[in-house]
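Notebook open, coffee poured. Today I want to look up the nonpolar core first, then one strand, then the ligand shell.

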Amino acid sequence: MAEISEYIVVGGGASGCAVTSQLLKKNKKVTLFEAGHNNKNFLIDWPAGFFKFINKSKFATYHKTKPQKHLFDRENIVPQGNVLGGGTSINAQVYMRGRAEDYDEWNDILSINNNKADWDWETLLPYFRNMETNGTFNNKHHSQEGPLKVSHCKYINELTHDFVNSVASLGLEIVDDFNGDNPQNGVGYYQFMNSNGQRSSAANAYIDPERNNPNLKLKLNSGVKKLIIENNKVIGVEYIDRTGEHKNYFAEKEVILAPGSFITPKLLMLSGIGDEKELSEHNIKCVHHLPGVGKNLMDHPECPLIARANGKYGYYKQGEGWRMIKNGIEFLIRGTGLVNSVGVEAGAFVNPLNRNDLSYIQAFFVPSIYMNADTIGVIEPDYGMSITTVMTKPKSRGYVKLRSSNYEDPPEISLNLLKHEDDLKMMVAGQKFFMESLKQGPLSNKVKEIILPNQKDLDDKKIEEHCKRFVRTNYHPAGTAKMGADNDHMAVLNSKLQVRGLDNLRVCDMSAMPIINSGNTSAPAMMLGLRCGDFLNDNNIN
Ligand SMILES: Cc1cc2nc3c(=O)[nH]c(=O)nc-3n(C[C@H](O)[C@H](O)[C@H](O)COP(=O)(O)OP(=O)(O)OC[C@H]3O[C@@H](n4cnc5c(N)ncnc54)[C@H](O)[C@@H]3O)c2cc1C
């Protein structure tokens with residue numbers, strides 16, 4: 001017998017969990033396909049578990065870019081969630097919404113032919129506000145009644161306090177809320193999507209309360225490989241179930257794509273939706289010519305600043321051997337200690353080229369030397385600290401293409417981080433600004449030496465080279481099936497998140513963003529899912 005449901009959601013990540021719950025609220029029948037694993041695992045729950053997912057874990061898929069010519073032919077590795085909750089089950093949990101200007105800009109773009117696009121900040125603030133139960137704030141920006149738990153970190157390392165004070169000594173205001181009245185200008189302590197040492201992912205917030213709902217069919221370890229299309233109408237999906245069997249599943253109403261910015265364009269193209277010429281190169285019959293599919297790939301580039309400490313400061317070795325056991329026991333018995341910390345405890349926003357303008361650099365402070373694929377083997381592990389500088393509104397654009405018509409082949413990805421000269425210029429300015437914080441105020445008393453970038457004869461050219469050698473993803477790919485106005489031939493979606501030219505198909509993940517938001521992206525991705533759910537529930541189709 002054919003398997004059938006009212007709605008099919010593809011991808012149980014940030015946006016997929018959110019759209020599913022919004023549909024279930026209105027008693028709709030939903031089948032949610034998640035290619036990855038269940039999210040029940042203590043390392044996922046504990047904030048400090050985050051570092052275990054960065055380099056190798058079954059809960060992540062490690063995408064790789066093609067060699068980036070402008071970055072000395074380096075390949076960037078981009079982990080993405082492979083688990084219910086998607087990125088929100090493995091991420092650093094920093095809670096950030098973006099700023100009003102981000103969404104007002106979307107609204108302007110989308111309103112060209114349609115005076116009421118409804119993506120402005122005023123329309124979207126209630127989605128963000130109602131999403132959270134905030135452990136600290138209850139005001140016009142924050143609620144204490146939503147499903148997502150947001151809180152300040154219960155454990156702060158002394159180096160982190162030093163960072164905040166050192167950056168303040170450079171003239172930045174200390175802000176108590178990066179999502180409040182003065183959202184993205186200043187230095188302060190981040191809020192996190194967790195509470196009492198427990199991660200709060202999209203799966204925890206939106207799916208766990210629905211696990212016994214008979215209207216939800218949750219298909220884990222079940223990857224969708226293609227859409228089933230009849231006369232320009234999407235009627236279902238082809239998928240591989242957990243035993244490896246290939247099957248079909250049908251939707252009475254709509255299919256909603258939410259497998260993330262790399263896989264959404266891949267599935268569209270494998271289904272014959274994309275640039276006709278590119279599809280023909282893989283012998284895929286074009287069902288609908290949409291040249292924007294896979295284009296407009298954006299990500300936040302991040303570059304490291306690393307310093308060795310002159311004493312036993314920070315978290316070096318705290319996640320290994322007997323120290324890890326001791327920290328784990330303290331957390332289990334008393335709920336206290338550094339297991340409550342994700343490792344990133346404070347940050348800052350600044351425009352280093354014009355302090356009175358909107359910020360374009362976000363910084364993350366980590367009270368240890370942050371080792372990843374780029375730094376392992378290049379620097380010696382030791383007591384120390386890392387600051388990453390992130391460009392929040394990059395002008396560089398990359399792409400996602402197919403390698404072949406085989407679903408098993410990963411997509412070809414080019415992120416083009418820092419390719420645009422303005423991005424590189426801003427990043428160099430950001431590096432210089434935060435390098436100064438290692439030399440000023442309380443941090444200067446604990447820094448033995450800055451090891452990255454190498455300080456010998458350092459000038460702007462050498463900082464540029466350092467950025468190109470070490471730039472990597474801040475894990476926020478976006479924009480590969482962008483919403484756009486009717487006169488934009490590269491737009492893949494209309495302002496109701498519907499795929500142009502086809503019936504019964506929407507996209508609600510990070511791919512839908514016309515321009516990436518400033519700051520981290522989980523809350524914006526969940527907002528996209530909730531907004532899509534409202535469009536579907538209102539049947540608000542124009
Ligand atoms: C390591 C890391 C750290 C991060 N840190 C932060 C942070 O601190 N703060 C923050 O706000 N954001 C952070 N992010 C970013 C944030 O998590 C993502 O932007 C967000 O999760 C994207 O949401 P999404 O719905 O677009 O996709 P995802 O959340 O990635 O969800 C996509 C889902 O689809 C599934 N899937 C893929 N292919 C298929 C298929 N064929 N069939 C069915 N299912 C499929 C995947 O397994 C995944 O569960 C981080 C991300 C990562 C990876």
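I started with the largest nonpolar core: it has 154 residues, and Val-10, Val-255 and Ile-256 touch the most other members. For the core I took buried Ala, Val, Leu, Ile, Met, Phe, Trp, Tyr and Cys joined through C-beta atoms within 7 Å; buried is 20 or more other C-beta atoms within 10 Å of a residue's own, with C-beta atoms placed from the backbone. H14 gives this core its largest share, 9 residues.

Note to self: this is a predicted model, where local features need pLDDT of at least 70, side-chain atom pairs count only at pLDDT 80 or more, and totals for chains, interfaces and linings use all residues. I number residues from 1 along each chain as its sequence is written.

Next I checked Val-10. Leaving out residues up to four places away in sequence, it touches Phe-33, Val-224, Val-237, Val-255, Ile-256, Leu-257, Ala-258 and Pro-259 (contact: C-beta atoms within 7 Å).

Then strand S1 (residues 3-10), a DSSP run of E, at least two residues. S1 pairs in the parallel sense with S14 (residues 246-257) over 7 bridges; pairing takes at least two DSSP bridges. Ile-4 stands opposite Phe-250 in S14. S1 also runs parallel to S2 (residues 30-33), joined by 4 bridges, with Val-10 opposite Phe-33.

Last, which residues are closest to the ligand? I found Gly-11, Gly-13, Gly-86, Gly-87 and Asn-91, out of 40 that surround the ligand (C-beta atom within 6 Å). The shell divides into 18 nonpolar, 20 polar and 2 charged residues, with Gly counted as polar and Asp, Glu, Lys and Arg as charged.

Technical notes: Buried ≥ 20, exposed ≤ 12 C-beta atoms within 10 Å, placed from the backbone. Contact = placed C-beta atoms within 7 Å.
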